[in-house]
Amino acid sequence: MFIDIIVFIYLLYYHIIFFVTCYHFTERPKAKVSIKPDQHVFRGDTVTLRCDIDGEGVTSWQYSWYKDGSGSVFSELQEHTFSPVTESDAGKYFCYGAERGGSRTSNISDAVTLKVSDRPQAVLSVSPQKWLTEGDPVSLICEVNSSSTGWTFSWYTLTASSESSNHYQLLSDSSRGAGGSYNVSSAAVKHTGVYVCRAERGEPAYKTTYSNTQPVWVTGEFKHLNDCLKKNDHQSQQNSTLHICLSLSEL
């Protein structure tokens with residue numbers, strides 16, 4: 001009886017060792033999907049899906065990409081790029097890997113959802129107010145609807161306007177704006193005007209539409225609407241001059 005118990009314990013011990021050893025060598029690594037520049041992108045953006053697999057001892061993987069639960073592989077690259085991305089590319093993406101020339105495979109990744117929206121709109125606001133006196137600080141704040149990742153911003157003045165189009169001039173020091181805010185520590189009369197902004201990101205650069213217009217009036221330059229019209233009579237298009245002056249007079 002005692003010998004039977006010893007034999008049983010011995011066999012149980014080696015079964016446990018065998019199971020643990022087999023599990024260790026057959027446990028499959030996990031695949032992981034990442035999306036750049038963001039999971040929420042816009043039509044026309046350049047979007048890259050990447051599959052990474054943390055598998056020790058494997059030097060080369062064969063990748064397989066799936067979308068929305070479909071069993072069909074649409075790409076076998078580690079990185080798959082949509083350029084430009086369209087609404088039809090939206091969906092849930094998975095990846096999976098198999099060792100090239102070997103027997104190991106990964107687990108399928110968790111799903112990552114790509115959302116594609118219409119071209120974004122930049123929105124411009126002025127803080128603390130549009131009507132200023134010389135020496136006041138002012139900030140032109142540019143934001144992108146429904147997104148805040150990876151954007152750089154530029155600010156412009158409205159220089160001409162017609163019934164069919166607007167014309168914008170990039171501020172010479174627009175590049176100093178950071179984090180969506182163009183700051184002037186001490187406003188001068190030269191800052192009077194109508195402003196717009198725009199955002200871009202990615203390579204090649206993907207740009208938003210121009211923002212809404214925002215007029216800024218630094219008092220001391222124009223006392224009346226007629227003064228504004230006289231100051232701007234050099235503009236190439238009379239419609240532009242009238243638009244700027246009327247915008248300022250409404251503040």
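Let me start with the open sheet of this predicted model, which has four strands in the order β2-β7-β6-β4, and whose pairing is mixed. At its edges lie β2, residues 40–42, and β4, residues 61–67, each of which pairs on one side only. Going from one strand to the next, the twist averages 30 degrees.

If you look at the β2 side of the sheet, you will find that β2 is joined by three bridges to β7, residues 112–117, and that these two strands run parallel. Within that pairing, H40 stands opposite K115 of β7. As a general reminder, the strands of a sheet pair through backbone hydrogen bonds, and they may do so in parallel or antiparallel fashion.

I would now like to turn to the nonpolar cores. The largest of them holds 22 residues, and the members that touch the most other members are L140, W151, F153 and W155. Several strands each supply at least two residues of this core, namely β8 (122–127), β10 (138–144), β11 (152–161), β13 (181–184), β14 (193–201) and β16 (214–219). Of these, β10 gives the largest share, with four residues.

Which residues does W151 touch, if we leave aside those up to four places away in sequence? The list is F42, P120, V144, A199, E200, R201, Y206 and T208, and F42 falls within the range of the edge strand β2, 40–42.

Finally, there is a second core, separate from the one I have just described, with 19 residues that include I53, W61, V112 and V116. Here we come back to the sheet, since W61 lies in the range given for β4, 61–67, while V112 and V116 lie in the range given for β7, 112–117.

Notes: Residues numbered from 1 in each chain as written. Predicted model: local features only at pLDDT ≥ 70, side-chain atom pairs only at ≥ 80, totals over all residues. Heavy atoms only, no water. Core = buried A, V, L, I, M, F, W, Y, C linked by side-chain atoms within 4.5 Å. Buried < 20%, exposed > 50% of the residue type's maximum accessible area, 1.4 Å probe, protein only. Contact = heavy atoms within 4.5 Å. Pairing = 2+ DSSP bridges. Axes fitted to C-alpha atoms, helices over the stretch in contact; angles between N-to-C directions.
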